[in-house]
Amino acid sequence: MAEATNWNIDSIQCSSWKNTNDVANVEISNVAMDSISFQVVRTPDGDIVPFNTSSDFRSDDWYIWTTESGAIDSIILEIDKELNEWQANIDTATQWVQPNKWFVKRGQAVEEEVWAGLAYLFEQRASMFETKIVEALAKDMKVEPLLAKERIRKLRDKGFLGTAGKGNAAEGRITKSAMEVLIEKGLMDAQESE
């Protein structure tokens, strides 16, 4: 029998993980195709607490050995680490796209690293399956959603954000050229980009 007790994170949906009461939706599964969906909330002291669990145990033969809470407890620290790293990346990228970075002086275009930073921020938001990504990016940049949408379009035009039909799951992915700009400008090191 395969190690059905090893659980993997299938997906995490989250829009923020820095405030008390921020919530993320999590789905985990194992090799036996058992799955558990639940939510986690960030407590005032920064801990992570699961709630609203729902499970689909397909492997009845080992169900007696594993409970929802046991499965969740076995992976909760990994979920917390992933959420905290993601929020740190969002906070860093948000600094790269603040309004003072977008001012156009004497008709000159905005710096390339600002566009590359926006591509990175888009990818970070998309990695948590953000449902209202344009609104989230507008809030990050402190602009109206229409302007955020236009900037996303321009990202694709500049070749900093992948588009549909350009390889396996390229849509919404930061491109190699955008990563090179961030590395060249010292905003990210080469090991972070891998």
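1. Let me start in the middle of the sheet: Ile-28 sits opposite Ile-36 of β3. Keep in mind that you are looking at a predicted model. The two strands around that spot, β2 and β3 (residues 35-42), run antiparallel and are joined by 7 bridges. If you follow the chain round the β2-β3 hairpin, there are 5 residues between the strands, and Met-33 takes a positive phi near 70°.

2. Next door, β3 pairs with β4 (residues 48-56), again in the antiparallel sense, and 7 bridges hold for this pair. A handy marker here is Gln-39, which stands opposite Phe-51 in β4. The hairpin of β3 and β4 also has 5 residues between its strands, and here Gly-46 is the residue with a positive phi, near 85°.

3. On the other side of β2 you find β1. Strand β1 (residues 8-13) and strand β2 (residues 23-29) run antiparallel, with 5 bridges joining them. To find your place in this pair, look at Asn-8, whose bridge partner in β2 is Ser-29.

4. Now put the strands together. What is the order of the strands in the open sheet? The order is β1-β2-β3-β4, with antiparallel pairing across the 4 strands. β1 and β4 are the edge strands, each pairing on one side only. From one strand to the next, the twist averages 25°. Helix α2 packs on this sheet and touches β1, β2, β3 and β4, its direction making about 130° with that of β4. As a reminder for reading the picture, strands of a sheet pair through backbone hydrogen bonds, either parallel or antiparallel.

5. A word on the overall layout, for orientation. The protein has 6 helices and 4 strands, and from the N terminus the elements run β-β-β-β-α-α-α-α-α-α. Of the 194 residues, 41% are buried. If you take contacts between residues at least 6 apart in sequence, 48% of them join residues at least 24 apart.

6. Ser-69 is worth a look, since it belongs to helix α2, the helix that packs on the sheet. Is Ser-69 buried, exposed or partly exposed? Its relative accessible area is 46%, so Ser-69 counts as partly exposed, falling short of the 50% that exposed residues must exceed. The Ser-69 side chain makes a polar contact with the side chain of Thr-67, at 3.2 Å. Pro-50 is 19 residues away from Ser-69 along the chain, and the two C-alpha atoms are separated by 8.9 Å.

7. Thr-94 lies in helix α2 as well. Why does Thr-94 count as buried? Its relative accessibility is 14%, and the cut-off for buried is under 20%, so Thr-94 qualifies. Leaving aside residues up to four places away in sequence, Thr-94 touches Leu-121 and Asp-140. Asp-140 is in helix α4 and is buried too.

8. That brings us to α4 itself, which covers residues 133-141. The buried positions in this helix are Ile-133, Ala-136, Leu-137, Ala-138, Asp-140 and Met-141. What do these buried residues pack against? Their partners are α2 (68-96), α3 (112-127) and α5 (145-158). Lys-142 follows α4 and has a positive phi, near 60°.

9. Last, the aromatics. How many aromatic pairs are there? The count is 1. The pair is Trp-96 with Tyr-120, and the geometry is tilted, with 5.6 Å centre to centre and 45° between the planes. This pair links distant parts of the chain, as Trp-96 is in helix α2 and Tyr-120 is in helix α3, 24 residues apart. Both Trp-96 and Tyr-120 are buried. One more ring to check is that of Phe-160: Lys-158 lies over its face, at 5.9 Å from the ring centre.

How values were computed. Residues numbered from 1 in each chain as written. Predicted model: local features only at pLDDT ≥ 70, side-chain atom pairs only at ≥ 80, totals over all residues. Heavy atoms only, no water. Buried < 20%, exposed > 50% of the residue type's maximum accessible area, 1.4 Å probe, protein only. Contact = heavy atoms within 4.5 Å. Polar contact = N/O pair within 3.5 Å; in protein donor to acceptor, adjacent residues only side chain to side chain. Pairing = 2+ DSSP bridges. Phe/Tyr/Trp six-rings, centres within 6.5 Å; stacked < 30°, edge-to-face > 60°. Lys NZ or Arg CZ within 6 Å of the ring centre and 35° of its normal. Axes fitted to C-alpha atoms, helices over the stretch in contact; angles between N-to-C directions.
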